[in-house]
Amino acid sequence: MSSPNQSAQNLGRYRATLETVAQHAASSQFLNDWSAIRITDPAIKAKLAEFGHQPYIATAPLLYVFVIDEHRNARIAERKGIDPASDEFHLKYSYRFTQAQNDAVLALHAMETAAYSLGLGCVILGSLLNNIPGLIDVLNLPEYTYPVLGLAIGKPDQNPTVKPRMPHTMQFFENTYPADADGVLDQLSAFDEEVHRYYDLRQADRPVDAFSDQVATISRQDVSHQTLLDKAAAQGFRLDQ
Ligand SMILES: Cc1cc2nc3c(=O)[nH]c(=O)nc-3n(C[C@H](O)[C@H](O)[C@H](O)COP(=O)(O)O)c2cc1C
């Protein structure tokens, strides 16, 4: 087995391609309001693994954290005589925050798709957001930036079967949202069965919970430590506007 360092070197040749693909994703109003931080420092990787409670993050050959970035645009606007601290600077308000988040996710997803097409494997890492203040601190994220998601890329050493997908009619509607909410759930029990029969390689010894059970469990999980308003405010954003 190759060491994480060797793997990183082997994957290095894909790096430029993957980063170029991410840069070619669409950006709303061409604001280019995202950045990606490539994590190569083993100490920072270890910190991120700790935040995510996922030890393998520390050995991911290629690792990125995608961030909302209005910091760069604030500096640009400042050069044009606009004070980012004033009400005139609108890139700190909620609409721009969500647009920048969309752009960051589109870029990350473009990179993920390209990595798969090159035969690599990826894990999107929402788990890093377990400790947003820690992440902001360790990545030295300045005002008007905010972490969105991580992306770990490597050579897959497993070949899991594809997780079942929701019945098409439960997720695709025509023209308007269906008034008959129960109709949308007609095929739920069949889907529950199918999901329950699926064995996740990450927990190969037990079947996955039925979809309904997963939703019920997650719907009761306390995520108050991940609330956005105060943490975004600490980064200069005003999401109440
Ligand atoms: C927004 C988002 C966040 C995710 N966060 C994590 C994560 O923190 N850790 C993890 O192991 N998988 C996470 N996943 C799932 C992996 O990326 C998973 O490999 C991917 O969804 C494809 O596998 P699947 O088809 O089995 O779901 C996340 C997925 C998404 C869309």
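**Exercise 1. Two residues with positive phi**

Task: In this predicted model, locate Gln 29 in the chain, give its phi, and decide whether Gln 29 is buried or exposed.

Solution: Begin with the position, since Gln 29 belongs to the loop that runs between α1 (4–23) and β1 (34–38). Next take the backbone angle: the phi of Gln 29 is near 55 degrees, which is a positive value in a residue other than glycine. As background for judging that sign, most residues other than glycine have a negative phi. Finally, the relative accessible area of Gln 29 is 59%, and because the exposed class starts over 50%, Gln 29 counts as exposed.

Task: Carry out the corresponding steps for Tyr 144: where does it lie, what is its phi, and is Tyr 144 buried or exposed?

Solution: Tyr 144 is found in the loop between α5 (132–138) and β4 (145–154). Its phi is positive, at about 65 degrees, although Tyr 144 is not a glycine. With a relative accessible area of 3%, and because buried means under 20%, Tyr 144 is assigned to the buried class.

**Exercise 2. The sheet**

Task: State the order of the strands in the sheet, and explain why one side of β1 and of β3 is left without a neighbour.

Solution: The open sheet is formed by four strands, whose order is β1-β2-β4-β3 and whose pairing is antiparallel. Because β1 and β3 stand at the edges and each has a single partner strand, one side of each remains without a neighbour in the sheet. If direction is ignored, neighbouring strands of this sheet are turned against each other by 25 degrees on average. For the pair β3 and β4, the antiparallel pairing extends over five bridges, and Ile 124 stands opposite Leu 151 in β4.

**Exercise 3. The ligand shell**

Task: How many residues surround the ligand, which strand supplies the largest share of them, and which residues have an N or O atom close to a ligand oxygen?

Solution: The shell consists of 12 residues, and the closest are Gln 54, Ile 124, Gly 126, Ser 127 and Lys 163. Strand β3 (residues 121–125) provides the largest share, with four residues. Sorted by class, the shell holds six nonpolar, three polar and three charged residues. Turning to individual atom pairs, a backbone N or O atom of Ser 127 lies 2.8 Å from an oxygen atom of the ligand, a polar side-chain atom of Lys 163 lies 3.2 Å from a ligand oxygen, and an N or O atom in the side chain of Tyr 56 is 3.2 Å from an oxygen atom of the ligand. As a last step, the ligand taken alone exposes 610 Å², of which the protein buries 62%.

Definitions and conventions
Residues numbered from 1 in each chain as written. Predicted model: local features only at pLDDT ≥ 70, side-chain atom pairs only at ≥ 80, totals over all residues. Heavy atoms only, no water. Near = heavy atom within 4 Å. Polar contact = N/O pair within 3.5 Å; in protein donor to acceptor, adjacent residues only side chain to side chain. Areas by Shrake-Rupley, 256 points an atom, 1.4 Å probe, with all protein chains shown as cover. Nonpolar A, V, L, I, M, F, W, Y, C, P; charged D, E, K, R; others polar. Buried < 20%, exposed > 50% of the residue type's maximum accessible area, 1.4 Å probe, protein only. Pairing = 2+ DSSP bridges. Axes fitted to C-alpha atoms, helices over the stretch in contact; angles between N-to-C directions.
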